[in-house]
Structure formats: C-alpha cells, structure tokens
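User: Please take a close look at a single part of this model, the surroundings of its ligands, and give one connected account.

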Amino acid sequence: MTETTTLEQPPTPRYSLTAILLHWLLGLALVGLFIMGSFMADLPISPLRLKLFNWHKWAGICVLTLSVLRLLWRLTHRPPALPADIQAHMPAWQRFAHHGAQYAMYALFFIVPLVGWAYSSAAGFPVVVFGILPLPDFVAADKELAELIEPWHEITADALAALVVLHIAAALKHQWFDKHALLQRMLPSKTH
Ligand code: HEM
Ligand code: HEM
C-alpha cells in the first residue's frame, strides 16, 4: 500500500481513550461484583461473609461513582457514529437493539448499585466506604421494606448480566462472522 492511498483512507472512527479506559475498567469491575455478589450471598453467616459483604458494598459504591463520571463523559462527548457500510447492512431491528441495549446497560449501571444501597440501608446496615467514610442511609431502616427490596438487587443484577452476555455475543459476531471490526473502535490505537 502506498503512502498516498494510506493518507486517502478516512481514519476509523473510534471511541476516545477515556471512554475506552472506562469501558474496560468498569466492564471488568461489574463482572467481578456480579461473581462476588453471587458467591457471598450463598455463604453461611461467618466473618468471611461479613467481610465480603463490606468489600462488595465499597466496590459497588466506587463503581457507582465511576459510572456517574462515565455518564457525564458520555453526555459531553458524542460516541463515534457506526461506520456507513455497517449502518447500510444493519436491519432496523439490529440498530434498535444495538442502541437500546446500550441505553438499558447505562440505566442498570445506576439502578443495580442504588437498589443494593437501598436494601442495605433498609436492612439496618449502613454503608461505610473503606470502613472510614459513612454514607447517608438511602432509606430509613425498615424490615418489611428490606424484604420487599432484597429480590430486586438480584433481579436487576441478573438483567444487567443477561444484557452483557448479549452485548459480548453481538460484539464477537460482528467481529468474527460479519468482519465488521467494531472491536477496533473500543481498543486503544497509536493515533490516540
Ligand atoms: C455496582 C454493581 C453491583 C452489582 C453488579 C452487584 C451484584 C450483586 C449480586 C449478583 C448479588 C447476589 C444476589 C443474590 O444472589 O441474592 C449481590 C448481593 C448483594 N449486594 Fe450487590 N451488586 C452491586 C452493587 C452493590 C452495592 C452498591 C451495594 C450496597 C451499597 C450492594 C449490596 C449488596 C448486598 C447487601 C447483597 C446481599 C443481598 C442478600 O443478602 O441477598 N451491591 N450483589
Ligand atoms: C469481551 C467483552 C466485551 C467486548 C468484546 C465488548 C465490546 C464492545 C464494543 C466493540 C463496543 C463499541 C460498540 C460500537 O462500536 O458502537 C462496546 C461498547 C459498550 N460496551 Fe462493551 N464489550 C465487552 C464487555 C462489556 C461489559 C462487561 C460491559 C458492561 C458491564 C460493556 C458495556 C458497554 C457499553 C455500555 C458500551 C457503549 C459505550 C458507550 O457508548 O459509551 N461491555 N463494547
């Protein structure tokens, strides 16, 4: 390939380095929190269970804080539009699913930890980040409310997990079967 043709090619539209870092950092953290939550909830009452509950709550609050920064970044920095050739070949339902799944994931990035926080407060366990920073109670302690909220932390976390599985399957399908190279947009490059 000559230098002239390289220069003539439009650059691949990519996510910014900040968006890429936040995507992989929070993606990993959310998968970790899901696995940790499922593991600890099945443990018998023990010092280990108590320790993991606390770590889960601190990590969940850190993820919630980073998700606020991520949303602010996303609202102030437009993501790259899908390449024209992909848009042309994508049926309308797939474009709808692509954008819909991303909106739903963003909503759940807030709903899941906020419901977890509300459950913890209702159950009468305050959240003290890193054991030194007490957070205000999200709701007042109330046993009946806690029983009402408890299943919803799991239900919303499962919904997020299902969307993430679909999201990863779709990303890999575009990459390997359709050869659309969407993954490149979410990986750092020398031009960043
Ligand atoms: C940020 C993302 C979070 C994810 C993906 C997540 C995920 C999970 C999962 C999968 C479980 C197991 C549910 C079950 O099997 O019963 C769980 C349990 C739990 N989570 Fe989270 N969590 C998150 C954030 C938080 C936050 C911020 C708090 C509180 C401040 C919290 C508090 C709890 C508590 C107290 C439990 C135990 C519930 C029980 O005893 O049934 N979580 N979490
Ligand atoms: C193997 C794992 C993963 C792969 C291959 C992957 C791939 C991708 C790709 C290629 C995009 C850009 C799509 C486009 O070009 O429009 C993207 C965006 C996105 N991904 Fe992932 N992803 C992975 C894991 C995750 C996880 C675990 C989460 C959430 C917990 C997640 C949430 C998102 C979100 C919310 C966006 C939209 C970004 C934005 O517009 O701000 N991803 N992902």
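Analyst: A polar contact is here a pair of N or O atoms within 3.5 Å. In this predicted model, an oxygen atom of ligand 1 lies 2.7 Å from an N or O atom in the side chain of Glu-150. The side chain of Glu-154 offers an N or O atom at 3.5 Å from an oxygen atom of ligand 1. A nitrogen atom of ligand 1 is paired with the side chain of His-56, where the distance to an N or O atom is 2.8 Å.

Glu-150 and His-56 are also among the residues that come nearest to ligand 1, together with Gly-37, Phe-53 and His-153, out of 23 around it. By class, this shell comprises 14 nonpolar, six polar and three charged residues. Helices α2, α3 (47-76), α5 (92-122) and α6 each contribute at least two residues to the shell, and α2 gives the most, with seven.

Helices α2 and α6 also serve ligand 2. The iron atom of ligand 2 is coordinated by NE2 of His-23 and NE2 of His-167, at 2.0 Å. This pair joins distant parts of the chain, since His-23 belongs to helix α2 (residues 17-41) and His-167 to helix α6 (residues 143-176), 144 residues apart. The arrangement around the iron atom of ligand 2 is octahedral because its six donor atoms subtend angles of 87 to 179°. The two histidines are not alike in exposure: His-23 has 15% relative accessibility and therefore counts as buried, whereas His-167, at 30%, counts as partly exposed.

How values were computed: Residues numbered from 1 in each chain as written. Chains lettered and ligands numbered in written order. Predicted model: local features only at pLDDT ≥ 70, side-chain atom pairs only at ≥ 80, totals over all residues. Heavy atoms only, no water. Donors = N, O, S within 2.8 Å, 3.2 Å for Na, K, Ca; no water. Tetrahedral: all angles 85-135°; square planar, octahedral: opposite > 155°, others 65-115°. Helix = DSSP H or I, 4+ residues; strand = E, 2+ residues; numbered from the N terminus. Buried < 20%, exposed > 50% of the residue type's maximum accessible area, 1.4 Å probe, protein only. Near = heavy atom within 4 Å. Polar contact = N/O pair within 3.5 Å; in protein donor to acceptor, adjacent residues only side chain to side chain. Nonpolar A, V, L, I, M, F, W, Y, C, P; charged D, E, K, R; others polar.
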